[in-house]
Amino acid sequence: MQGKYQKDTVWNPVTLDKGFTRYNGELTPFKIDDVSDSAKSSVSRSIAPQKSGLLEWDFLFAMDNPSAGGTEWRLMDGNTRIIGFVMENGGYFSSYPANTLAQITPYQWYMAKVVANLDNHTYNVWLNGQQVGTNLAFENVPAGSIDSVYTGTSVSGKVKLYGKNRIYKIGYLYNDFFGDRPNTAPTGLATGGSGGTALVQLVNKSRSGLALTDNSASSNVTVGGTFSAAHGVVEYETDFMLPTKQDGVSFKLKSGATDAVQIVTGGGNLAYVDATGASHTLWANYKVNVWYNLIVRVDLFGGKATFYVNGQDKSGSVGLRNAVTTLDRFETGTSTQNQGVLKLRTVRVAPYYPSTVPYVDKSSSTTGWTGIQQWNGLGTVLNRMMIGYGTSDKTPYLGYYDDMNKEAVDWQVKFMAEHGIDFVAPFFYADAFDFANPVFTPRGTSFMDTLIKRSTYKDKLKFAMTMGELLQAGDNYEAEGGTLTGGAQLLTNRQGYKGWGFVGFAGLNNAASYAVSGEAGGARKLNIRYENAQAGARTLSLYVNGAKTGQVSFPVTAAGSGDKWGMVAVDVTLAAGVNTLKLQYDSGDTGNIAIDSLNPVAPIPLHDEIMNNLLPYWIEMYFKNPNYLLDDNKPVILVYDSGSLIAQLGSPGAVAGLLNEIKQALIAEGFAGATFIAEQRPNGGGDGHIGDGSAAALDDLRDAGFDYIYAYSNQYNNSQMNNWATQAKNAGIDAIASPGVSWDSRYWYLDYSGVYVQINTPSQYEDHLRWVRDSYFTQSGFNKGSGSLARKMTLFDNFTEFGEGHSISPSSLFGFGWLNAIRKTFTTASEGHSDVRPEGPYNALYSTLVSYNMPTVAKGEFELLGPAENARYGPLTDRWTFNGFAGVQRNGSVWGAPDAPDGVQAAFIQGPGTIAQPVVFDTAGVYKLHFKMARRSGSTQTVNVYFDSALIGTYTPSSLAYADFYTDAVAAAAGTHTIQFKGMTSNDNTVFLDSVGFVQ
């Protein structure tokens, strides 16, 4: 079986191959690359068993070869297909058993939306917003329940497929418009009014929503939906935004024609309407171009409703607009007197169920955690991650949950609050394409979103916001992920790079090329993360779509020492669709530069983006929440990778100006300013953050106006923290204790062999915490005054960043040990506390992986040469290593090789030449190595093939044409193994090698 399944992470989306473009800016979550004509690749995910009600299944896909046929999408009951779709020969998309729905065009994106009724066993299906199937019958009636979703290729035909699966239970009604195409009417909803249009649109550059555009001063535009009669306690939720102030906008819940709930805008406020027709303000002076969340909980038993805005109870329990006993419709509309636009992000109507999580017994302290809730790791291939999870020695007690699950969040609140964690400060990452558009709750913040809007125990935790690399908004291209030519090398011999390495430009013609999405085209700022350890500025040449645009100058970051990264910004213009960016060491350049990443973003000043977009949203959604963490009436704001903020704004003074503007804006809102805490790690302990740990970096943070620093999960012992605090003291800035439990990277890196692992036991952690409490807090000279947060605040590791490894969530490794160490150290609570946990996990990841993922030989087609090169001896790199008797040649070179069977280049092995590569095996198994070889005219060369040190085949090709060869089968353990091709002659005899890959 050949093929692989690849998943993105929050930071590194799957790189799209040539011919594919992004779907509305969507960061595509998976790629299935079926490279075999005789085997398949597939992935399936278990879901909570579903037996009744409505189920919505959205799947997004694009493929290069739909005509190959056999690619399937299925909803399953065990091994039985309940609903299925298949690509038939000729590229026809059909439902089982025999309904042709559409013909699929290569490389084009398609969005399929399926709404399945599990009670009458029928479903409706839409493709790109057009209904193509109505009341289709299930292929099979579930004997049990629908319990998994599957995507897979066929055993015949090669295909690349990009896509995304979403499946969720609909209570009474749910629509976030993800399954609808822009500029179409919303599926499953009814639009009305004669004042304009109601169309699905991108509410920012990557998320769909609904825009009600009212062009009339006497009519309105409405959208509504009916659902089966709802009884008991019902929740209605919507996210909305108004670009201009508009009176008369309405949100209604109805029973037939009767309004049970009515919410309106008027006088610049949001209000509910009572039984007498009087309006009562819910949110005064709402802001334009800011998204708001509205939840109404209706108790039909008691005839009451409670109104929540941005998670806050703004009404208490009040009477309905009109008494009803059921609900069966929602309706939202613009004003009949005013023109304007109303945008909606989500509409949800569902039964409300109280939490089953036991009462939370809070233990107060001044401790908290900061970080991101994340299971998967940087660049992680999902197979490896799931294998690691399945054999993990630290499986979380809550399972691998989704932070949108309210009960999973309630359990986390219970674990934290009962063990002395007083506040949380999760990262807020700007969505990759959201600059210049109103901010909406982005990726990585679903825990915070659920906590403040839906958690039963939201009042048990304070929270603060951490600005998490929002300045990196836009597609981020790891340098090592490009096509390296001309001798450019993938390197790892510096600290602080991101991803799995960086690219070194040490010699003439070294180059790295990248396929970059330009969306609709236009101007961009290209942020380049680099390191220059030379004595002066160095240069490389930049090419855009084959045309040289000029030299890029890279100032010194750390002369002579290395391990300090900087950033430069270059103006570029991209064409619509896919562009090629290339950095190259040309004859007029000085080179000797390390490049870590490229990040093209819209050319909008970061200062303006923060002040005009991010800050208004944070004020309305977070700072005005009574549970927000305040320091003497000043919102506490953390900044991750603080050196990058200085680098992008240009100077500490520019940052100081920005922070002061933020303070003044908050003073105008009734606060006393703001308290800013910058993330800055000890010297040598960084994650590639600009200026990590240096004295100059600390001086910059002080001059930038930060009040404190903290270190993100990089302090595991007393002396390390003491030295760090001394550095901060010398710079005149207070340092907040940041004691860490672990850094366990086994589930994080693509090749985790030899990766640093540090784990403190609960007793070691408790000793460290007691030192913080008894010594660090009280050390003279380290803190400016008795009111300093550094005398009382502690910031712990992430609660759950399992992939990266620094997580204090209860797990099979030490149970509640780390949390109990916090409780015993920082609270006065009784030690007789009894820890409880749920009976079963809340698993929500790809808990069943059926992906036939072969070990991947990187660059097995040997496309390594630059455009101007015909042949070159080693040393060469890009995962392969060549000695001086082996290299790569291009079709038509002086070597006289036959045309390469895969691409236009092939390797050659001359005399005692060797070519080798380390390959990661996700799973143990029995494999063969397949390759093609041809002999050079006038030569007879013998090649030995080794797996680690074991000889697995000896070959002497006799033909001048390429022929297929297979090694002996080898039993490989999971982990990293080295394959090597070794020439066995000592003269000019030569063979050509191409198409190297594993098979079973």
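## Strand β20 and its neighbours

Let's start in the middle of a sheet: strand β20 (residues 250–255) pairs with strand β28 (residues 327–333) in the antiparallel sense, over five bridges. Within that pairing, Phe251 has Thr332 of β28 as its bridge partner. Keep in mind while you look around that this is a predicted model.

On to β21 (residues 258–266), which also pairs with β20 in the antiparallel sense, here over six bridges. Two spots are handy for finding your way along this pairing: Lys252 has Gln262 of β21 as its bridge partner, and Leu253 stands opposite Val261. The two strands make a hairpin with two residues between them, and Gly256 takes a positive phi near 65° there.

## Which way the side chains go

How many of the six residues of β20 are buried? Six of the six are, so to speak, under cover: the strand is mostly covered. Ser250, Lys252 and Lys254 point one way from β20, while Phe251, Leu253 and Ser255 point the other way. Both sets are buried, and that includes the lysines Lys252 and Lys254.

## The whole sheet

Step back and you'll find β20 in an open sheet of seven strands, in the order β15-β18-β28-β20-β21-β22-β23, with antiparallel pairing. At the edges stand β15 (190–192) and β23 (279–283); each has a single partner strand, so one side of each is left without a neighbour in the sheet. From one strand to the next, the twist averages 25°. As a general reminder, strands of a sheet pair through backbone hydrogen bonds, in either a parallel or an antiparallel way.

## A helix under cover

Now for a helix, α10 (residues 817–826). Eight of its ten residues are buried, so α10 is largely enclosed by the rest of the structure. The buried ones are Gly817, Trp818, Leu819, Ala821, Ile822, Arg823, Thr825 and Phe826.

## The chain overall

What does the chain have in the way of helices and strands? The count comes to ten helices and 63 strands. Of the 1000 residues in the chain, 61% are buried.

If you look at contacts with a separation of 6 or more, 74% of those in the chain are between residues 24 or more positions apart. As for the outside, the chain exposes about 34,600 Å², and carbon and sulfur atoms supply 48% of that area.

Definitions and conventions
Residues numbered from 1 in each chain as written. Predicted model: local features only at pLDDT ≥ 70, side-chain atom pairs only at ≥ 80, totals over all residues. Heavy atoms only, no water. Buried < 20%, exposed > 50% of the residue type's maximum accessible area, 1.4 Å probe, protein only. Helix = DSSP H or I, 4+ residues; strand = E, 2+ residues; numbered from the N terminus. Pairing = 2+ DSSP bridges. Axes fitted to C-alpha atoms, helices over the stretch in contact; angles between N-to-C directions. Contact = heavy atoms within 4.5 Å. Areas by Shrake-Rupley, 256 points an atom, 1.4 Å probe, with all protein chains shown as cover.
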